[in-house]
Amino acid sequence: MSQLSIYSDAHFMKQAYLEAQKAYEAGEVPVGAVMVCNNTIISRGHNQTEALQDITAHAEIIVITSANGYLGSKYLKDCTLYVTLEPCVMCAGALYWSQVSRVVYGASDEKGGFMRYGKELLHPETRLEFGIMYDECSDLLKKFFKERRR
């Protein structure tokens with residue numbers, strides 16, 4: 001049995017997925033995120049647009065704001081964001097301005113994701129990776145929307 005390194009992308013995406021499950025249980029679109037700095041989770045969050053009645057309360061925005069407070073800086077140059085769904089354009093803009101070093105996302109969002117406009121929406125020095133836990137992240141979103149359409 002292989003052991004999951006606590007410093008692996010899979011480990012941190014699993015933590016973001018646990019946040020997405022919290023959103024799902026709360027009736028929110030199930031997106032979760034964690035911000036990691038020096039192999040330590042410094043913030044975690046999930047979508048709260050319904051609970052807060054705030055359209056900007058996406059998981060990424062909540063995590064960026066919390067990480068800024070934790071670090072006492074508006075920049076996240078040495079941080080990695082793990083998020084279960086490809087960020088939207090609004091969140092990509094916030095990631096651009098925060099100068100996050102790396103973004104790792106699980107599921108793609110062909111309709112609302114920023115990649116339809118190109119990686120240029122992120123800061124030029126931000127590294128981008130995707131597909132970690134793709135199936136799990138996609139399945140949770142599909143389950144959520146299928147239940148809403150009944």
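Four salt bridges are counted in this predicted model. Two of them share Glu19, so this residue makes a good place to start. The side chain of Glu19 meets that of Lys22 at 3.0 Å, N to O. Both residues belong to helix 1, and their spacing of three residues puts them about one helical turn apart. This fits a simple rule: an α-helix has 3.6 residues a turn, so residues three or four places apart point the same way. Glu19 also meets the side chain of Arg44 in a salt bridge, with an N to O distance of 3.8 Å. Here the partner lies in strand 2 (residues 40-46), so the pair ties helix 1 to a part of the chain 25 residues away in sequence. Glu19 itself is buried, with a relative accessible area of 3%, whereas Lys22 is partly exposed at 42% and Arg44 is partly exposed at 38%.

A network of salt bridges links Asp9, Arg102 and Glu129. Within this network, the closest N and O atoms of Arg102 and Glu129 are 2.9 Å apart. Arg102 is in strand 4 and Glu129 in strand 5 (residues 127-130), and this pair links parts of the chain 27 residues apart. Arg102 counts as buried, at 10% relative accessibility, while Glu129 is partly exposed, at 31%. Elsewhere, a charge meets a ring: the charged end of Lys77 sits over the ring of Tyr75, 5.4 Å from the ring centre.

Attention now turns to helix 5. The 15 residues of this helix (residues 134-148) should span 21 Å at 1.5 Å a residue, and the end C-alpha atoms are indeed 21 Å apart. Cys137, Ser138, Leu140, Leu141 and Phe144 are buried in helix 5. These residues cover an arc of only 160 degrees around the axis, which places them on the same side of the helix. Asp135, Lys142 and Lys146, on the other side, are exposed. The buried residues pack against helix 1 (9-25), strand 3 (79-85) and strand 4 (102-107).

Aromatic pairs number five in the structure. In one of them, the ring centres of Tyr24 and Phe144 are 6.3 Å apart and the planes meet at 65 degrees, so the pair is edge-to-face. Since Tyr24 lies in helix 1 and Phe144 in helix 5, this pair ties together parts 120 residues apart in sequence. Both Tyr24 and Phe144 are buried. Phe144 also forms an edge-to-face pair with Phe145, at 5.1 Å centre to centre and 85 degrees between the planes. Phe145 is partly exposed, with a relative accessible area of 32%, while the value for buried Phe144 is 4%. Ring pairs thus link Tyr24, Phe144 and Phe145 into a cluster.

How values were computed. Residues numbered from 1 in each chain as written. Predicted model: local features only at pLDDT ≥ 70, side-chain atom pairs only at ≥ 80, totals over all residues. Heavy atoms only, no water. Helix = DSSP H or I, 4+ residues; strand = E, 2+ residues; numbered from the N terminus. Expected span 1.5 Å × (residues − 1). Buried < 20%, exposed > 50% of the residue type's maximum accessible area, 1.4 Å probe, protein only. Arc of directions from axis to C-beta. Contact = heavy atoms within 4.5 Å. Phe/Tyr/Trp six-rings, centres within 6.5 Å; stacked < 30°, edge-to-face > 60°. Lys NZ or Arg CZ within 6 Å of the ring centre and 35° of its normal.
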